[in-house]
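User: Could you take me through the strand pairing in this model, with a close look at how the sheets are ordered and joined?

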Amino acid sequence: EDSRPGVSVTVNDDDEAALVVSESTLSLAEAGGIGTYTVQLNGVPTDEVTVTATSSDTGAATVSPASLIFTRENWHTVQEVTVTGINDDLANDEGQRTVTISHTASGGGYDKLEATVTVTVTNDDAGLVVSERTLSLGEADGTDTYTVQLARQPTGNVT
């Protein structure tokens, strides 16, 4: 018979489920600029997990794929997400737009977990179009004309 005192060990699993996103911010050009980041789970899910990615302004940036599937087998494998800047033909006063890519998980013990990536889309549309770069003025009449117009439709008044 063993007379040594017994040792009881209790392991508390205090890990909380979380989405792991490789980037918190991205910057890209308006006309087809592309940025990427990865998403994965921080632990083994109890069942399949779907992570849905949505853009707060699809007129400024789109996200692909729209959903990612994680299983008990691939939970630790990073999955790539691509964000693409969309050309809007507007000259924004600020020179850029900010879009939030939201990720929402469902299933497998990850229900309602969220993560975001903030995307700055740099505007490429501001500018002026001048009809003539060089004017030739005669000494006698001394006049010529040129025109100036905006390169794109502005979002507000221009002075």
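Analyst: Happy to! Let's begin with an open sheet of 4 strands, which follows the order β1-β3-β7-β5 with antiparallel pairing. Here strands are DSSP runs (E, at least two residues) numbered from the N terminus, and two strands pair if DSSP finds at least two bridges between them. At the edges are β1 (19-21) and β5 (61-64), each pairing on one side only. From one strand to the next, the twist averages 25°; axes are lines fitted to C-alpha atoms, and angles run from 0 to 180 degrees between N-to-C directions.

A word on the basis: this is a predicted model, where local features need pLDDT of at least 70, side-chain atom pairs count only at pLDDT 80 or more, and totals for chains, interfaces and linings use all residues. Residues are numbered from 1 along each chain as its sequence is written, and side-chain values use heavy atoms, with hydrogens and water left out.

Within that sheet, 6 bridges link β3 (residues 34-41) with β7 (residues 79-85) in the antiparallel sense. Thr36 has Thr82 of β7 as its bridge partner.

Now for an open sheet of 5 strands: its order is β2-β10-β9-β4-β6, and the pairing is mixed. Because β2 (25-29) and β6 (67-70) stand at the edges with a single partner strand each, one side of each is left without a neighbour in the sheet. The twist in this sheet averages 20° from one strand to the next. Turning to the β6 edge, β4 (residues 49-55) runs antiparallel to β6, and 4 bridges join them. There, Thr52 stands opposite Ser67 in β6.
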